[in-house]
Structure formats: C-alpha cells, structure tokens
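Please find below a colleague's note, set out as numbered points.

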Amino acid sequence: MSLSVEQRRSTLVARLADGQFHSGESLGRALGVSRAAVNKHIQALTALGLDVYKVTGKGYRLSGPLTLLEESQLATHRQAILGAPVKVMNVVDSTNTQLKCDQELHYSGAVCVAQAQTAGRGRMGRQWLSPFGANLYLSMFWCFGGGYSALQGLSLMVGLVVSEALDELGYPGTKLKWPNDVYLEGKKLGGILIEVEGQMNDECQAVIGLGLNLDMPDNVAMGIDQPWTDLTREFGQEVDKNRLAARIIDRLHEGVLRFEEQGLTPFQERWNKRDHFAGQSVRMLCGKQEFQGICLGINQDGALILDTKAGQKTFFGGEVSVRPL
C-alpha cells in the first residue's frame, strides 16, 4: 500500500529522531521512494523548522535527538483518563483550526496536539512561530452553557493552571501577564488563544489554544519581535514533552470543570499572586486611548484594575505594557 506524504514524513522524522546519521538510500527504502524524493521531504521538514544536517558520504541527521509527542506516552503520563480523546497530529495549520474542523473531537475535554503548525497564531492575529518538534502546541474543546458571559476570565484561569502545572513539573518561577501570556524571567514563555462559537446567551463552544516554548531553535527565533525564552534555556535540561503535555491536559481539564461551576472567583487570588506586573506602573492601550497607572491585579470578573491619577479603573480589554512607545 502506498504511503501518503504525511505518513512518509512521519516515518522520516521517526527514523531521524535518534540523532544519528541515516543514509539517503536507507531512508528511501523505509519510505519506498528514491533518494531524490527523500531530499525533497527533508527540505519540507527543514522549512517547518526542523534542524537537519546533510553530510556527503554519511547522509542526514538531526542536530540532536528528538522526542516526539505520542498518544500512548501521553496516556501513560495522564493522572486521570477522563474519556475525552487526545489526538496527536504531525503538521497542522493550527491546533485551534484543526480542533474546530474535526467533528470527532467535539467533546468537552477533547484535545488536539501537533508536532508543528504552519499557521499558528496568537492574540489579535499575531503570528505564533511553531517549528517542528520544538515546543508544545495544544488545543482543548469545551462546550459551555450560559453563553459568552460564562467565559469571562477563562484565559486567566488557563494561564494560571499552566503556570501551576509547570511548578509541579520542576519549572518554578513563571508569572502571568493579563490577559493571556505566561512569562518567565521577564520574557514570554507561552500564550493562550481562546476562540468561541455559538449563541450569545445560549450554549457556546470554546477552543482553548496554548503555545508553550520548550526548546526554540535559534534560526527560527530570529523572527520573534519581543523578549522570549523557553524551558530548556532557563533550566538547562531537556523537557519531557509527553509528561509535560499530559500534566497540562490534566490540570486544564480539572480547571475548566471548576471554572464552569464557579467562574473565576476560586482562581482570582492565585492569579494575582503570579501577576507579572503587580505593583508596577504600566500603560493600558485601548485603541487610540492610553491610560497609565499602578497595576492592582484582577477582580472576580477578570478585569484588570489600574490605580490611575483619576482613581481606580477596570479594563476588560486592551493591551498592557511597560515598553516605551
């Protein structure tokens, strides 16, 4: 039976994952293609951010061993198998888009993770660089009753449980930037994108997307326009992707269940303790308007509170920054 392009590239990555040299001939036999075709597949993987070396007489190898996300490994590390499916994809445009289009995953708690994204995106449509096998790209589906208002503060809860899961795994010190970023040592480590469809005052479906930097290649990172970091740089050790993803999935599932019942209130104090800008003078950009004040954290509805010259003001939308214009 002929393999699809996706299957061939998955097989190719699996062969190269040991970090050793593999000849074009041996890879061609494994894929059922010519050496020229192998080279084309290698070029496609390189374009996705995979760091592949070619040495005449030796063949191809990765810059180092690569751990891939696997459904069986995720299941092994899960603390509670709650029935909702977890699907591992090779390359997708984005896990949020994939999850929205895959009817088989339209169950509360269902998850899609991918090795790479070709059109990853963040808040306000910003590009989210998603090289192959380097980071975590994850989306969870959830159906909420009560309409859009029931989701107020959801991104804050998600950031909090991700930060707490990292603590549990031995990666302490993460902070949270309102409304959807995870920071470490003053630099961006991850981001959350929540997309909602449904009725304003009725049932709605949320896709909760997370991108988390684990081991960003330097050649890809040149395209990032803000201070950033990853877990490998900060802690000097390889990240067990499957263990980390499984823990985040578990904590996210538990968190959304509680959020669905009680809203943001049980998470508010914990979020404020991790507020990256707590007590700092910040700027709030709301369209063409700008406000300045001391960051006082969030209220029970997820609004950010600033102590301004005109008194305390609350904000449900906008961009908070300490960077100069």
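The points below take up the annotated sites, the salt bridges, the cysteines, the backbone and the surface in turn.

1. Status of the model. The structure discussed here is a predicted model. The remarks that follow should be read with that in view.

2. Annotated binding site. An unreviewed UniProt entry lists Ser94, Thr95, Asn96, Gln117, Arg121, Gly122, Arg123 and Lys188 under "binding site". Such annotations may be inferred rather than shown by experiment. Ser94 may serve as a point of entry to this list. Ser94 is located in the loop between β3 (86-92) and α5. With a relative accessible area of 3%, Ser94 falls under the 20% limit and is therefore classed as buried. Leaving aside residues up to four places away in sequence, Ser94 is in contact with Gln117, Ala119, Gly120 and Arg121. Gln117 and Arg121 also appear in the UniProt list.

3. Lys188. This residue, also listed by UniProt for "binding site", forms a salt bridge with Asp181 through their side chains, at 3.2 Å from N to O. Are the two partners buried or exposed? Both Lys188 and Asp181 are buried.

4. Annotated DNA-binding region. The feature "DNA-binding region" is placed by UniProt, again in an unreviewed entry, at residues 24-43. In the model, this stretch is 85% helix and 0% strand. The C-alpha atoms at its two ends are 13 Å apart.

5. Salt bridges across the chain. The structure holds 14 salt bridges. One of them pairs Glu195 with Lys100, whose closest N and O atoms are 3.5 Å apart. This pair connects distant parts of the chain, since Glu195 belongs to strand β8 (residues 187-198) and Lys100 to helix α5 (residues 95-101), 95 residues apart. Lys100 has a relative accessible area of 27% and is therefore partly exposed.

6. A further bridge and a network. Glu290 and Arg283 also meet in a salt bridge through their side chains, with an N to O distance of 3.8 Å. The two partners fall into separate accessibility classes: Glu290, at 39% relative accessibility, counts as partly exposed, whereas Arg283, at 11%, counts as buried. Elsewhere, salt bridges with shared partners join Glu168, Arg247, Arg251 and Glu254 into one network.

7. Cysteines. How many disulfides does a search of the whole structure find? The search finds zero. For Cys143, the nearest cysteine sulfur is that of Cys204, 7.2 Å away. A disulfide requires sulfur atoms within 2.5 Å, so that distance does not qualify. For Cys286, the nearest cysteine sulfur belongs to Cys295 and is 13 Å away; Cys286 is likewise in no disulfide. Both residues are in the intermediate accessibility class: Cys143 is partly exposed at 22% relative accessibility, and Cys286 is partly exposed at 23%.

8. Backbone features. Two details of the main chain may merit inspection. The peptide bond from Trp178 to Pro179 is cis, with omega near 0°. Pro179 is situated in the loop between β6 (175-177) and β7 (181-184). The second detail concerns Glu185, which has a positive phi of about 55° although it is not a glycine. Glu185 is in the loop between β7 and β8. Its relative accessibility of 61% is over the 50% limit, so Glu185 counts as exposed.

9. Tyr148. Where does Tyr148 lie? Tyr148 is placed in the loop between β5 (136-144) and α6 (154-168). With a relative accessible area of 32%, Tyr148 is partly exposed. Tyr148 and Gln199 are 51 residues apart in sequence, while their C-alpha atoms are 7.5 Å apart in space.

10. Nonpolar surface patch. Phe21, Tyr53 and Val55 make a nonpolar surface patch of about 250 Å². Val55 is part of strand β1 (residues 52-55). Val55 has a relative accessibility of 34% and therefore counts as partly exposed. Patch members must have over 30% relative accessible area, so Val55 satisfies that requirement at 34%.

How values were computed: Residues numbered from 1 in each chain as written. Predicted model: local features only at pLDDT ≥ 70, side-chain atom pairs only at ≥ 80, totals over all residues. Heavy atoms only, no water. Patch = residues over 30% accessible without salt bridge, like charges linked within 9 Å, V, L, I, M, F, W, Y side chains within 5 Å. Areas by Shrake-Rupley, 256 points an atom, 1.4 Å probe, with all protein chains shown as cover. Salt bridge = Lys/Arg side-chain N within 4 Å of Asp/Glu carboxyl O. Helix = DSSP H or I, 4+ residues; strand = E, 2+ residues; numbered from the N terminus. Buried < 20%, exposed > 50% of the residue type's maximum accessible area, 1.4 Å probe, protein only. Contact = heavy atoms within 4.5 Å.
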